Amino acid sequence: MSDVNEGPVSATQQQRGDERSTSSPSSSSSSSTAGGVMERYSAFVVRNAKRVESVENFVSNYLYLMPRTLGLDTAIKAQSAITLVSLIRVYNRLILLKDGSPGDGIRSMNRGQHGAIVPGTVTTLTWSSVVECVELLAEMYSRKTWGMPAKWATVTIIEVLRTFLRLRLWLLGGGRTVTRHHLMQNFSVPSMHPKDQLSMWAPPVPHQRFVIDRLSPSVVAAELLYIFRPLISLAALYKWREHSWKPWLISLGVDLISVQLATSSTLSPEEKEEYTRRSWLWIQYLLRSPAYDTLGRVMNSSGVYDRLHDIPVVSFLTDLVRTCLKDTHKYYFNLASY
C-alpha cells in the first residue's frame with residue numbers, strides 16, 4: 001500500500017521539477033537579455049558622452065518650448081515628458097561615474113583626508129537630483145487630482161526631504177558650503193574627460209583644506225539658515241497665507257542674513273561664486289506673491305500694458321511673457337530658488 005501511494009507523489013514532484021527546470025531557462029534568458037541591453041546602453045553612453053549630452057539638451061528645450069507639437073496638450077503631460085528626460089539624464093551621469101574611477105577632476109564628491117569618497121555621498125547626491133526632477137510634476141499632479149490642500153502637503157513633504165538630504169550632504173562635506181553643482185547641469189568640460197564631470201549639489205573639492213581649516217561660525221550659521229530657509233518660509237505661508245507680505249519678507253530676510261553672514265568671513269573662490277549665484281536668485285522674489293500681484297496691478301493701472309499692446313511685435317512678446325509668467329506663478333516649485 002505504501003508503495004502505491006508513493007508512486008503518484010513522486011511522479012507529481014518529478015513533473016513540478018520538470019516544469020521548474022523548463023521555466024528557469026526562459027526567465028534567466030529574459031533577465032540576461034535585459035542585462036545585455038543595459039550593458040550595451042551603458043557602453044553607448046560612455047562612448048558618446050558629448051552626443052548624448054547634446055541630445056538631452058535638445059529634447060529638454062524642445063519639450064519646454066513646443067510641447068504641443070508632440071501632442072502634449074496639457075501642462076502635466078508636458079511636465080511628465082520633461083521629468084522623464086531629466087531622470088534619464090541623471091541615470092546617464094551615474095553611468096559615466098560608474099565607468100570611470102573617481103579622480104581629482106570630480107568636483108562633486110566629498111572626500112576624506114586620503115582622497116576617498118565619503119560613504120553615502122553618491123547616494124545622497126542621487127536622491128537630491130531625483131527629488132528635484134520629480135518635485136514639480138508631483139505638485140502639479142496632486143493639485144489637479146486632490147486640490148490645493150494636497151498640493152501644499154506634497155510641497156511640505158518634498159521640502160522636508162530636500163532639507164534632510166541637503167543637511168546630510170553638508171555634514172558629509174565637513175560643514176563646507178553646499179555649492180550648486182547639480183546632476184542636471186552639463187558635465188562636459190573641454191579640459192577634462194566627460195566622465196570626470198558629475199555636477200551636483202556638493203561642496204567644492206578645490207581649496208578643501210582652506211575651507212575646513214578656517215571654517216568660521218558665521219559661515220556655519222549662514223549655511224544652516226540657507227538649508228532651513230524653505231521650511232521657515234513654508235511655516236510662514238501656513239500661518240499667514242500666500243498673499244501676505246509677511247512670508248515674503250521673512251524668506252527674503254533669511255536669504256539676506258545668510259549671505260551677509262557668509263560674506264563677512266573669508267571665503268574660497270568657489271564659495272564666493274556660490275553666494276553671488278544665490279544673490280542673483282533674489283530676482284525671483286519679484287515673481288512671487290504678493291510682489292508679483294502688486295507689480296501687475298501697478299502695470300495695469302498705469303496703462304503700460306495698453307501702450308505696449310499698440311506696438312505689433314512688442315505686443316506679441318508682451319502677451320507671451322504674461323502668459324508664461326501666469327502659468328509659472330501657479331506652482332511653488334517653479335519659483336523655488338536654491
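Let me start with one residue, R241, which at 57% relative accessibility counts as exposed, where exposed means over 50% relative accessible area, buried under 20% and partly exposed in between, with a 1.4 Å probe and protein chains only. R241 sits in the loop between α7 and α8 (245-263), and although R241 is not a glycine, its phi is positive, at about 75 degrees.

Before going on, I should say that this is a predicted model, in which local features need pLDDT of at least 70, side-chain atom pairs count only at pLDDT 80 or more, and totals for chains, interfaces and linings use all residues. Residues are numbered from 1 along each chain as its sequence is written, and side-chain values use heavy atoms, with hydrogens and water left out.

Now the overall picture: the chain has twelve helices and two strands, which are DSSP runs numbered from the N terminus, helices being H or I over at least four residues and strands E over at least two. From the N terminus on, the order is α-α-α-α-α-β-β-α-α-α-α-α-α-α. Of the 338 residues, 40% count as buried.

Next, a pair of helices: the axes of α5 (residues 148-172) and α7 (residues 217-240) come within 11 Å and cross at roughly 170 degrees, the axes being lines fitted to C-alpha atoms over the stretch in contact, with angles from 0 to 180 degrees between N-to-C directions. That makes α5 roughly antiparallel to α7, because angles over 145 degrees count as roughly antiparallel. Among the residues making the contact (heavy atoms within 4.5 Å) are W152, V155 and W170 of α5 and L234, L237 and Y238 of α7. The residues of this contact divide into 16 nonpolar, two polar and three charged; nonpolar here covers Ala, Val, Leu, Ile, Met, Phe, Trp, Tyr, Cys and Pro, charged covers Asp, Glu, Lys and Arg, and the others, Gly among them, are polar.

Which residues have the most contacts inside the largest nonpolar core? In this core of 17 residues they are W152, V155, L234, Y332, F333 and Y338, a nonpolar core being a set of buried Ala, Val, Leu, Ile, Met, Phe, Trp, Tyr and Cys residues joined through side-chain atoms within 4.5 Å. Helices α4 (121-146), α5 and α7 each supply at least two residues of this core. Leaving aside residues up to four places away in sequence, W152 touches L234, L237, Y238, E242 and Y332.

Finally, the peptide bond from S289 to P290 is cis, with omega near 5 degrees, and P290 lies in the loop between α9 (269-280) and α10 (291-301).

Definitions and conventions. Parallel < 35°, antiparallel > 145°, perpendicular 65-115°, else oblique.
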